[in-house]
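User: I'm new to reading protein structures. Could you walk me through how to read a few features?

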Amino acid sequence: KLILLDSLLQEMTFKSIKPHIFLFLRPHSFSPRHISSSSPKNTTSSNTFLTENILSPQSKEKCIARIKRMKPLRPVKTAVKKEAAVLVPLVDLDGTPSLLFTRRSLSMTSHSGQVSFPGGKVDPEDRDLVETALRETREELGIPDTAVDVWCQMPALASNQRGDYSATPVIGYIRDYSSLPLSLSDGEVSSVFTVPLSSLCSPSYHGYTQFRVDTRPGYSLPVYHGAPHVIWGLTAIITFQLLRALLPSKLNSHKLQFQSPIL
C-alpha cells in the first residue's frame, strides 16, 4: 500500500493555492519510454538558451568555479552508512541545452516511480565517485563512459539526518546524445525524459516544499512541476543548485520562500 501511494504521489503536480497550503492536482499518465518536455510559452527567449552559449567552454569554466564555492542545501553532517553518486547529465537537443532525468521503475523496493538522475551506491571496485556515476549511467541507460565529458563534482548531499546515505552529484555533458541508442535497465528505469533549461528556469515550473521544525527555524526545498513528472527531493535540490551555478541570475530566478506560521 505504501508503494502504491508513493507511486500515485509521483504522478501528481504540486500546485499552491495559498502561501502555506499545497494540493496535489492534475494526475498524469505517460507511456513512452522516452519523453522530451516542451518549453512553456512564457519562458525566456529561446535565443538566450542556446547550447553554444550555455554549454560553452567559458560557461563550463565559470560553472565549475561557482560549484567549488557552493554550499549544499542538505549538507552531510554525520557519518553515513553508504555512499552514492549520480550523474547530472547535460544534453544538447537541436541547439537547446537540457537536463536528462530518469523515472525509477515501479517494481523497485525503494523510491519507486520517483524522478531521479542515473546513479547508485558505490561498488568496492569503483576507483572514485566519478566512476560510480559513470558505471551506474552505463548500467541504467546504456550510455558509454566515453560519451560523457565530466565537468566536476558537486558537494555531497545527505539523504536525511539519520545518515542513511550521502549522494554526490557528478556534472557531465553527454556528447551527441540524440544519436546515442539508449538501453534502459527494465528493473531500474521505467522511462527517460529531458527538460530544456529554459523550462526549468520558467516561473511556471517553480514551486517549493515547506518544512516546519519545532526546535529550530523551518526551511524550504525546491520543486519543479510542469514536466512529464514532478521533480522533487534530492533530484530537485541538485537541479536547483546546478542551475544557480551554470546560469546568470537574470535567467534563473527560482526563489525558496518560507512562510511564517499562522497565528
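Analyst: Sure, let's start with a definition: a salt bridge is a side-chain nitrogen of Lys or Arg within 4 Å of a carboxyl oxygen of Asp or Glu. A search of the whole structure finds seven of these salt bridges. Keep in mind that this is a predicted model, where local features need pLDDT of at least 70, side-chain atom pairs count only at pLDDT 80 or more, and totals for chains, interfaces and linings use all residues. Residues are numbered from 1 along each chain as its sequence is written, and side-chain values use heavy atoms, with hydrogens and water left out.

User: Why can such side chains pair up at all?

Analyst: Side chains of opposite charge can pair when their charged atoms come close. Here, aspartate 149 forms a salt bridge with lysine 60, and their closest N and O atoms are 3.3 Å apart. That pair links distant parts of the chain, with aspartate 149 in strand S8 and lysine 60 in helix H3 (residues 57-68), 89 residues apart. Helices (H or I, at least four residues) and strands (E, at least two) are DSSP runs, numbered from the N terminus.

User: How many helices and strands does the protein have?

Analyst: Its secondary structure comes to six helices and 13 strands.

User: Which salt bridge sits inside one helix, H4?

Analyst: First the general idea: an α-helix has 3.6 residues a turn, so residues three or four places apart point the same way. Now the case: arginine 135 and glutamate 139 both lie in helix H4, four residues apart, about one turn of the helix. They form a salt bridge, with the closest N and O atoms 3.4 Å apart. There's a wider network of salt bridges too, linking Asp123, Asp126, Arg135, Glu136 and Glu139.

User: Is arginine 135 buried or partly exposed?

Analyst: Check the relative accessible area: buried means under 20%, exposed over 50%, and partly exposed in between (1.4 Å probe, protein chains only). Arginine 135 has 8% relative accessibility, so it counts as buried. Its partner glutamate 139 has 40%, so glutamate 139 is partly exposed. Across the protein, buried residues make up 50% of the 263 residues.

User: How many residues of H4 are buried?

Analyst: Ten of the 13 residues of H4 are buried, so the helix is largely enclosed by the rest of the structure. Among them are Leu129, Val130, Ala133 and Leu134. What covers the buried residues of H4 includes strand S4 (82-93), strand S5 (96-104) and strand S8 (148-153).

User: What happens at the two ends of H4?

Analyst: At the start, a side-chain oxygen of aspartate 128 reaches to within 3.2 Å of the backbone nitrogen of valine 130. After H4 comes glycine 142, whose phi is positive, near 75 degrees.

User: Where does aspartate 126 lie, and what does it touch?

Analyst: Aspartate 126 is in the loop between strand S7 (119-121) and helix H4 (129-141). For touching, contact means heavy atoms within 4.5 Å. Not counting residues up to four places away in sequence, aspartate 126 touches Lys121, Glu131, Thr132 and Arg135. A stricter idea is the polar contact: a pair of N or O atoms within 3.5 Å, where within protein one must be able to donate a hydrogen and the other to accept it, and residues adjacent in sequence count only if both atoms are side-chain atoms. One such contact, of 2.9 Å, joins the side chains of aspartate 126 and arginine 135.
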